[in-house]
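Work through the exercises below with the structure open. Try each task before you read its solution.

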Protein chains: 4
Amino acid sequence: MKIPVGILGATGSVGQKFIELLKDHPWFEIKALAASERSAGKTYAEAVNWFMTTPVPDAIAGMSVSACEPGLPCKIVFSGLDSSVAGPIEKAFAEAGYIVVSNSRNHRMDEDVPLLVPEINAGHLEMVKKQKYGKGFIVTNPNCSTIGLVMALKPLYNAFGIEALHVVTMQALSGAGYPGVPSVDILDNVVPYISGEEEKMQIEPLKILGNLQNGKVEFANMKISAQCNRVHVSDGHLESVSVKLGKKAAKNELIEAWNNFSGEPQNLKLPMAPEQAVQYFNEPNYPQPRLHRMLGKGMTVSVGRLQECPLLDFKFNVLSHNTIRGAAGGAILNAELLYKKGYLDG
Amino acid sequence: MKIPVGILGATGSVGQKFIELLKDHPWFEIKALAASERSAGKTYAEAVNWFMTTPVPDAIAGMSVSACEPGLPCKIVFSGLDSSVAGPIEKAFAEAGYIVVSNSRNHRMDEDVPLLVPEINAGHLEMVKKQKYGKGFIVTNPNCSTIGLVMALKPLYNAFGIEALHVVTMQALSGAGYPGVPSVDILDNVVPYISGEEEKMQIEPLKILGNLQNGKVEFANMKISAQCNRVHVSDGHLESVSVKLGKKAAKNELIEAWNNFSGEPQNLKLPMAPEQAVQYFNEPNYPQPRLHRMLGKGMTVSVGRLQECPLLDFKFNVLSHNTIRGAAGGAILNAELLYKKGYLDG
Amino acid sequence: MKIPVGILGATGSVGQKFIELLKDHPWFEIKALAASERSAGKTYAEAVNWFMTTPVPDAIAGMSVSACEPGLPCKIVFSGLDSSVAGPIEKAFAEAGYIVVSNSRNHRMDEDVPLLVPEINAGHLEMVKKQKYGKGFIVTNPNCSTIGLVMALKPLYNAFGIEALHVVTMQALSGAGYPGVPSVDILDNVVPYISGEEEKMQIEPLKILGNLQNGKVEFANMKISAQCNRVHVSDGHLESVSVKLGKKAAKNELIEAWNNFSGEPQNLKLPMAPEQAVQYFNEPNYPQPRLHRMLGKGMTVSVGRLQECPLLDFKFNVLSHNTIRGAAGGAILNAELLYKKGYLDG
Amino acid sequence: MKIPVGILGATGSVGQKFIELLKDHPWFEIKALAASERSAGKTYAEAVNWFMTTPVPDAIAGMSVSACEPGLPCKIVFSGLDSSVAGPIEKAFAEAGYIVVSNSRNHRMDEDVPLLVPEINAGHLEMVKKQKYGKGFIVTNPNCSTIGLVMALKPLYNAFGIEALHVVTMQALSGAGYPGVPSVDILDNVVPYISGEEEKMQIEPLKILGNLQNGKVEFANMKISAQCNRVHVSDGHLESVSVKLGKKAAKNELIEAWNNFSGEPQNLKLPMAPEQAVQYFNEPNYPQPRLHRMLGKGMTVSVGRLQECPLLDFKFNVLSHNTIRGAAGGAILNAELLYKKGYLDG
């Protein structure tokens, strides 16, 4: 008997990716699809403008789409809701006793909501006990551009400390949802602005890398400067990073730290967990979105081009798949952790 | 009577841009086209794989292509030669009494060769008097990714000083020449590596911004860290920059410094000079390659998104047209300066 | 004293192109900008999401945007309205005495409305005398994919007759307006469907090539089969065409027919008219959108790759700029013809 | 014990795809890699510029690359050689007793060489008995743009006959090999020319659809007109087709013919065979390269937009994956057929 799950915002781009990734999941089974009023009452096939590269799963196509209101026949809801509506809907589901595994930004910075990357801060899960929703609770995963960065930072942070960092992103179009960026705006172009993105990248890592003390996260102490750009790539956020470490380190020590990095998902052999959490490439022109975004089924974070930085200590590149590791896949990994840690037993 | 000029590497991508920009020049007239052995003896129309968006000028199509050897019927040669061959050829032309206006990197760092951006360091022209070539000499313009950067830096450098800076580039495909980057390598992709580019960006600005003392350039004293990426754009290098200034400054002071910046090209009303050397945009999502690369006929450098940097002092974006301001157009501006300053009179 | 003109749908993509093309027009001067309720009352700079590659003209930026209702201080209105609203608005303007030069499809097939391509059917202008609007009237230009085709057909039609033709289009993204096609739908893709496009291509040429008899157009008698695709190109519709002629012809006769083709715009030296209406290329891989769409300032139609067709008689490729020749530029040419023919004198 | 196979041209783009598709093959095991002199003697990892999106298989990376000469430890050689060298090399291997399964065009039209598409003309295999190479022989698969077309034609040909057809292709960049098309030639562009392609499309289907009579193929009798274009797509050739059938048919009969089509690969359950050989889509904007090229692991051919044609009888769109179904995958399917039919037993 699989655990019944629902998807909020099932017709959107993150919702579609949830369906694609969950369709053969060993533990979870999609039992409810919810979307906006406009879609409610239709079959999924009627309601969706499907643009994944695998077809709508047969079992899903005929399912009826519900409104985004409690009453769905499931225990967990994955939320791919747009942030313009996610806040109160997710709260309503938590209050109704659902476990809300959200990809939206609305509750990420709430004091009692874990901003979870299971390889990094599985222990933050405890925070949900402070939530006041009764049996339900909310966990979140970070912004799609944050997650590749923190996966690359964590091994360095553990080994050497990090005092400051500078990051410039080149982000994929799928990160803007659907319809997202008009083609005439990005063909033969780069757009050096993504609303709210730099702010998220400058604060979220501090919570994720922070220490849990008495149920509260003490934010990490480091300076972050982010500049975010949209480039002509379908999937995969590439980032140019420069870091100032807490202590001296040699190039090969950083590479070892990355290649040896693993965490709870690897220990617990969670289905969505990549064997290799972070992979370092020696090729001077790697990683590249087209070549490496699907490593570890889109869950491995790639790093390359480590060099000494004339300004800070080291510079390097990071790549991660923004709609898998950076959105739906990351959320599913969170749910798998919840299951293995007994948080679904209540 | 116009001044006769020749083009070395006339069939290559920079050579084609030289032809496009010089075809109606008020002072210069193309009288010689030189290229590799393979092309020598053919008409230009036969020899070239023309890919500019304006047609080959009629006056050029039927001209015969020469080998790259002295003996061309002109006073100035513009060099768009590949760096694998440019070094000795340019030297041979200088020794034969030609004025070599080069876009190639080979002689840029020579102690007696000016690395010239007329708005910035017109005075460096004097260095040519130290060259040992007799009547001939060599002047160079910087790398296509350097020039946008230094144009944005110079006004700040003058007003506030610059101690350090971090720059991440998103560079256009035309910068790689022809055939350059294979389409299957860049479609739906970013390549985080351009051979030799980071090294050039980290050293060239120091010479350009340096002081001439007794005929030698004292390099500017600042730390530069560069990370260079190739993106899916035809023309226009966009750069995310972060700077540490020499003294406190307010946002509006930087913007004024940029908008008020001008130099010898503007004073002398050189034909290739843009009225506005640097233009600051207030729109949060500007500048963009597709929209702004052709400002000032490709010679204006665009700046935008000035923000305080949590790490250094300020961050912002710079855009410049890499084959006009960053290559052929910049070289022509150099030649115009030579003319107006009397360096062609000898 | 220039003739005052207005633009309906001034903030849309066709509207922006009208402004770009009219800003220095020798005969016309923009005196009114009209758009939807949402924009009315704002300055143009506030109302528009400008995405042309030249800046908003200074004289336009501060103009106030009106609602699309008669009362505008001009004689001619250029309509770039969306077809969902164009029908009744254009009618209202004609009834109020305005000369409506429309790019919208709504009135194209009206019995008394000329579907005008001045090189082809300038005589059809007479039809406006049958319109019942009093002093006002409506003229239209064809669909952006039709116009390149008919420009290439007309010289053949005159010389040899045309019995049947097959055309497959590869159409640019700007043809879909703004925001138009989402980038994630077209990156690394072709979409083999454009709503209503094949129908338009199969009927409009018959009217354009038809004979005016007693004030009514007798449609040309030919079979047309069209298949329309959207490709990853910003501007420029490329079409693969195969034709069955009315009588035998040799390859070079077709080429001569194209290269010698001209009409009223060339005779009258209309400002928007290209010197060369149709240009044939001998290069086997021409014409190409990036290289040739701007020929004749976007008004020349390019043809190439003429070959015998194993099925019909000949096959070839046609290229035309969809937002200039195929939309705003074509409409302006219509207005210029109206002026020279005395239709603005009333 | 798997059957040992070798790959000729192993470092090229088709060679890489062979490796990717064969790495876990149930019947075949790669035992030899051969390439040009330049690569011979190196390990595969050293010799190759790998650009598949899955990593080089571990078992392959360390294998030594041989020259393309008989003496390889295998029974079958898959040839992905460039046509400039494939002819004599393939002949030499056949003469040395190897079974040559070639993707190159050189021997396709040889009188005794089958041009094989197992769903269509498995019986043509018999032709190899006429070859004079002793135990060795050559089989070929068609050009990448032909194969999608003939897969869509065959069901119609069987059911209704085909008298004539017109096809316009929009072909992917990977079809040009590596480095193939320069990015600056195709960004924001379509190139309406692929050398030799139209000729291949106009003749190959006649052989494939022909009848074997006394060991010789009697070519099918139909007129084909092809126009070939290169578009900005990584993989997947899309084609707009118009056909004149041998007898009247209704739309739904064509759709049934496609959806019910299967052949020997499906009967024999060949590992590379898709369950659905041809799939018809009812959605008006399908098939699309990005969405449907990977159907049936890249071996299913997609068809859509069936409409009556005003000129011939019906028009529709066809899509197939050019480097899988249209090259390496098609060749592997041929080898699988050879195995099951006992041609490897000698």
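**Exercise 1.** In which sense do β7(C) and strand β10 of chain C pair, and over how many bridges?

*Solution.* Start with β7(C) and β10 (residues 223–230) in this predicted model. The two strands pair in the parallel sense. Eight bridges link them. For one such pair, take C:Gln171: its bridge partner in β10(C) is C:Arg230.

Next, turn to strand β11 (residues 237–245) of chain C. It runs antiparallel to β7(C), and eight bridges join the two. Here C:His166 stands opposite C:Ser242 of β11(C).

Last, check burial. Strand β7 of chain C spans residues 162–171, and eight of its 10 residues are buried. The strand is mostly covered.

**Exercise 2.** Find what the buried residues of α8(B) pack against.

*Solution.* First, locate the helix: α8 of chain B covers residues 197–208, 12 residues in total. From first C-alpha to last it reaches 16 Å, close to the 16 Å expected at 1.5 Å a residue.

Second, pick out the buried residues. Among them are B:Met201, B:Pro205 and B:Ile208, but also the charged-residue names B:Glu197, B:Lys200 and B:Glu204.

Third, list the partners in chain B. The helices are α5 (118–121) and α6 (144–160). The strands are β7 (162–171), β9 (216–218) and β10 (223–230).

**Exercise 3.** Which relation links chain A to chain C?

*Solution.* Lay chain A on chain C: a turn of 180 degrees and a shift of 0.1 Å along the axis give an RMSD of 0.0 Å. That is the relation of a two-fold axis. In chain A, the C-alpha nearest this axis belongs to A:Ser183, 1.9 Å away. Now compare contacts: 100% of the contact residues of chain A recur in chain C, so the same surface serves both copies.

Methods
Residues numbered from 1 in each chain as written. Chains lettered and ligands numbered in written order. Predicted model: local features only at pLDDT ≥ 70, side-chain atom pairs only at ≥ 80, totals over all residues. Least-squares fit on C-alpha atoms with pLDDT ≥ 70 in both. Contact = placed C-beta atoms within 7 Å. Helix = DSSP H or I, 4+ residues; strand = E, 2+ residues; numbered from the N terminus. Expected span 1.5 Å × (residues − 1). Buried ≥ 20, exposed ≤ 12 C-beta atoms within 10 Å, placed from the backbone. Pairing = 2+ DSSP bridges.
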